Amino acid sequence: MNAIISAVELMDALASGRPPVLLDVRYQLGGPPGRPEYEAGHIPGAVYVDLEGELAGPAGKEGRHPLPDLTVFGAAMRAAGVGSGGDVVVYDGGQGWAAARAWWMLRWAGHPSVRVLDGGLAAWRAQGGPVTDDPTAVREGDFVPAPGALPLLDADGAAALARRGLLLDARAGERYRGEVEPIDAVAGHIPGAVSAPTTENVAPDGRLRPAAELAARFAALGAVDGTEVGVYCGSGVSAAQELLALAVAGVPAALYVGSWSEWSSDATRPVATGPQPG
């Protein structure tokens with residue numbers, strides 16, 4: 001199954017006899033909660049999911065957005081109407097980071113059919129899609145997480161992958177190079193990692209670039225046949241968008257959830273700065 005769905009395709013799916021469960025995952029790093037925006041207007045039938053409370057655990061030594069308690073995650077998904085079968089579509093305001101985190105969490109936890117609305121709510125509005133502030137009546141689902149369906153990296157695994165394969169850093173290039181660090185205590189990147197900012201995955205209209213363009217981009221970075229690929233970012237959110245782009249390009253990859261927020265919190269771990277490795 002394709003990892004993304006267009007606004008037009010979603011309109012058709014919602015009008016069908018078996019519409020997907022629709023999750024609104026609007027979120028801004030450091031910004032206000034997304035629920036008020038959801039309550040002011042959302043795609044009809046969508047249910048709000050809170051990234052920080054339901055798609056991530058409390059910030060701590062494992063990073064700012066570690067994996068959530070699976071009991072909490074499973075309960076949140078069932079309350080949103082997610083079942084063990086049937087389709088799920090997730091969307092956010094358009095950046096794609098939060099929706100991709102929900103997509104990755106559900107896929108990693110064993111759900112077989114999850115897609116991201118390409119371009120998010122902005123793309124939906126651009127196609128004339130309706131929005132509503134009406135509450136969504138939810139029929140509770142029966143989804144039970146079965147983790148491990150997608151590969152996952154810890155800090156040691158990310159370090160090893162940077163040596164034997166390709167570890168992509170999804171943050172902005174200036175953060176990778178160590179020129180600025182607006183959030184974490186230490187600037188730089190995991191030694192051996194390759195800079196691959198998420199901004200280069202999207203076209204000017206906010207949608208992901210075509211699969212062939214993404215495949216060419218990642219191949220140029222070293223994601224060729226036979227190469228093991230992993231991704232990290234600041235805290236495991238924007239890296240999910242990179243994983244989504246990789247999936248569209250046909251490249252399997254693992255997520256280092258703790259990402260730089262976990263790596264840089266341990267003074268014993270090495271830090272590199274400067275441009276791409278030779």
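1. Starting with the contacts: among those with a separation of 6 or more, residues 24 or more positions apart account for 75%. Bear in mind as you read on that this is a predicted model.

2. On secondary structure, I get 11 helices and 10 strands for the protein. As for overall size, the radius of gyration comes out at 18 Å, close to the 19 Å that the globule rule gives for 278 residues, so the protein is as compact as a globular protein of that length. If you want box dimensions, the C-alpha atoms fill roughly 55 × 40 × 30 Å along the principal axes.

3. Next, burial and surface. Of the 278 residues, 51% count as buried. The protein exposes about 12,000 Å², and 53% of that area is supplied by carbon and sulfur atoms.

4. Now the pockets. The largest pocket holds about 350 Å³ of space. Its lining consists of 19 residues, and the ones closest to the centre are Pro19, Pro20, Val21, Gly81 and Asp87. Sorted by class, this lining has 11 nonpolar, five polar and three charged residues. Asp87 is one of the charged ones, since Asp counts as charged, while Gly81 goes with the polar group, because Gly is counted there.

5. The second largest pocket comes in at about 300 Å³. There are 18 residues in its lining, and Ala3, Trp103, Arg107, Leu150 and Ala247 lie nearest the centre. Two helices are worth displaying alongside this pocket: α5 (97–108) and α10 (238–249) each supply at least two residues of the lining. By class, the lining of the second largest pocket divides into 14 nonpolar residues, three polar and one charged. That charged residue is Arg107, because Arg belongs to the charged class and the lining has just one such residue.

6. One backbone detail to check by eye is serine 259. Most residues other than glycine have a negative phi. Serine 259, however, has a positive phi, near 50°. The residue sits in helix α11, which covers residues 259–263. Is serine 259 buried or exposed? Serine 259 is buried: its relative accessible area is 0%, and the cut-off for buried is under 20%.

Conventions: Residues are numbered from 1 along each chain as its sequence is written. This is a predicted model: local features need pLDDT of at least 70, side-chain atom pairs count only at pLDDT 80 or more; totals for chains, interfaces and linings use all residues. Side-chain values use heavy atoms; hydrogens and water are left out. On a 1 Å grid over the protein atoms alone, a cavity is a set of points where a 1.4 Å probe fits but cannot get out, and a pocket is an open set with protein on both sides within 12 Å along at least five of seven lines; lining residues have an atom within 4 Å of a point. Grid points are joined across faces, edges and corners, and a volume is the space filled by probe spheres set on the points. Helices (H or I, at least four residues) and strands (E, at least two) are DSSP runs, numbered from the N terminus. The radius of gyration is taken over C-alpha atoms; the globule rule is 2.2 Å times the number of residues to the power 0.38. Buried means under 20% relative accessible area, exposed over 50%, partly exposed in between (1.4 Å probe, protein chains only). Contact means heavy atoms within 4.5 Å. Accessible areas come from the Shrake-Rupley method with a 1.4 Å probe; for residues, only the protein chains shown count as cover.
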